[in-house]
Every structure is written in structure tokens, then in C-alpha cells.
Number of protein chains: 2
Amino acid sequence: MHGLILLAHGSRDPAWADPLRDLTQRVAARRDGPVVLAYLELAEPAVERAIDDLVAAGADPVTVVPVFLGAGQHLKADLPPRLDACRSRHPGVTIVQAPPIGESEAVLDALAAAIVGEPGPGAAGT
Amino acid sequence: MHGLILLAHGSRDPAWADPLRDLTQRVAARRDGPVVLAYLELAEPAVERAIDDLVAAGADPVTVVPVFLGAGQHLKADLPPRLDACRSRHPGVTIVQAPPIGESEAVLDALAAAIVGEPGPGAAGT
């Protein structure tokens, strides 16, 4: 079972995560296997907790997808040692840090289209 | 002339903004009028500077599009008074704070598709 974690920064404002929860549901509807929203800071669950829970449920591998456009210090410096600590706790499990979603051409194209108010991809086939 | 500002958080890491610069170019290619990338903090230009420059170049209105998924304190509490100060400096110019891009269904759908590795919207018509 391939577990997927959508990793966001986190905010003290609960409403901040509404679009992320929406996104998580959309991803879950498009794939088999569990999808969990987790955070780097300021909100729960932390990424470590989400990994532990997925592994306890039998997930292997676990892929952590940063819902960030760019990779800054959070993804380059903070996250890798935190994932290493998770790997030490779960030595038999493959835990992968995926590139941030902003490295996807499809994502950048869709964002550009939405910003200028063009029809979304759902309209392309109609 | 309608000026557009893509507003990101900002990071001390210059490479963090690479996908944002890419996005800015994609938006500029899809519309008439100037498109400027600006930041809330930690990087230049600040949103105030970008607004001043666009107004000096003759832009009216100026729309500020937050390249954020969720609206947290940055967009709810920090940005509005900063835009009010810009409006005071430019009393004849319409300056609009747009919703964050994460409120767009098309954006969330495209993100979900990219995360699960489906073909992007560019493939739909081929």
C-alpha cells in the first residue's frame, strides 16, 4: 500500500488549510491508497505523526509531496533530517521526499491559466 | 492599462522563487499588460514597490493576486493595511486584492491531477 502525504507549511489560522483539505480530497478521489494532509509547523498532524500513522496502517512506500511552489530552507534544510529520523524509526519502510509541486510544468500552466481567467482544464474536452 | 502583481511570501533563498518567475512569464505570455512578481517579505521587490512602479508606468487598475493556496494572517491581516497605504499614495488608482489562487477550482483540480501523475491539461487536446 502506497501512502501519500501532502505536506504544507501550516498556519495558526484553521481556515488557511481549507484549500489544502479540498486538494487532499481531490487527490484521494484520484488514486488508491491513503492520502494524508500534514504540516511542517503550527498545525497538526506534523509530518512525523502522519508518517508513523501511515506506517502503522501498513503503508510502504510513503511519499511526501510538498505542496509548495518553490523549495526554500524548509524543504532543503528542515525536512530532510526530519524524514531521516522517521526512516530510523521505520527501517524497513521506504520514505521518499518528492519534489515540490511547483516543479511540475502542468501545475505552472494551470496556475497561469487560472490567474488570467481562462477556462480550466475541465473545459478542454467539452 | 491593467497591471497585475503576483504576490508571493518571499524567501531568503533566491532559488525558491524560480517556479514563481516561471509562473510570472507564463502569465505574461497569456495576457496584455504588465505582470510583476512581488513579495510580502524577505525578497525584493516588496508589494508596495511593485505597485508604485506599475502606477508610475501608467497602470490602473492594479490587481494583486496572492500566489497562496490558503488565506492566513499574511493575507487577512498584514496585506490589507499595506494596500490601504498604497491607495493613500495613489488616490486616483484602483488597487484590488484578489482571492488567493487556492480558491480556484481549476487550480485545485490541476494540482490534484499533477500530484497523482495524470497527464496535464496540455495533453487534453492532443
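Which residue caps the N-terminal end of α4(B)? Select B:S104 and you have it: a side-chain oxygen of B:S104 lies 3.3 Å from the backbone nitrogen of B:A106. Keep in mind as you click around that this is a predicted model.

**Along α4(B)**

Now run down the helix. Color B:V107, B:L108, B:A110, B:L111, B:A112, B:A113 and B:I115, which are buried residues of α4(B). To see what covers the buried residues of this helix, turn on chain A: the cover includes β1, α1, β3 (62–66) and α4 of that chain. Past the helix comes B:G117, with a positive phi near 80°.

**Into the core**

Next, pick A:L6, A:L23, B:L6 and B:L23. Within the largest nonpolar core, which has 42 residues, these four touch the most other members. Chain A feeds two or more residues into this core from each of β1 (3–8), α1 (18–29), β2 (35–39) and α4 (105–115), and chain B does so from β1 (3–8), α1 (18–29), β2 (35–39) and α4 (105–115). As a rule, nonpolar side chains in soluble globular proteins tend to be buried together.

Zoom in on B:L23. Setting aside neighbours within four places in sequence, B:L23 is in contact with A:L108, A:L111, A:A112 and A:I115 from chain A, plus B:L6 and B:V67 from chain B.

**A threonine in α1(A)**

Hop over to A:T24, in helix α1 of chain A. Is this residue buried or exposed? A:T24 has a relative accessible area of 10%, so it counts as buried, the cut-off being under 20%. Its side chain reaches the backbone oxygen of A:L20 at 2.7 Å. Show A:L6, A:V35 and A:L37 too: A:T24 is in contact with these three, leaving aside neighbours within four places in sequence.

**Where the chains meet**

Zoom out to the interface. Chain A and chain B each put 41 residues into the contact. Together they bury about 3400 Å², with 69% of it on carbon and sulfur atoms. Select A:R26, A:R30 and A:I115, since this trio is worth a look: they supply 20% of the area chain A buries against chain B, more than any other three residues.

How many salt bridges cross the interface of chain A and chain B? There are eight. For one to display, show A:D109 and B:R30, whose side chains meet in a salt bridge at 3.5 Å, N to O.

Finish on the side of chain A that touches chain B. β1, α1, α3 (73–89) and α4 of chain A give two or more residues to it, and α4(A) gives the most, with eleven. By type, the residues on that side divide into 25 nonpolar, seven polar and nine charged.

How values were computed: Residues numbered from 1 in each chain as written. Chains lettered and ligands numbered in written order. Predicted model: local features only at pLDDT ≥ 70, side-chain atom pairs only at ≥ 80, totals over all residues. Heavy atoms only, no water. Core = buried A, V, L, I, M, F, W, Y, C linked by side-chain atoms within 4.5 Å. Buried < 20%, exposed > 50% of the residue type's maximum accessible area, 1.4 Å probe, protein only. Helix = DSSP H or I, 4+ residues; strand = E, 2+ residues; numbered from the N terminus. Contact = heavy atoms within 4.5 Å. Polar contact = N/O pair within 3.5 Å; in protein donor to acceptor, adjacent residues only side chain to side chain. Buried area = accessible area lost by both parts, 1.4 Å probe. Salt bridge = Lys/Arg side-chain N within 4 Å of Asp/Glu carboxyl O. Nonpolar A, V, L, I, M, F, W, Y, C, P; charged D, E, K, R; others polar.
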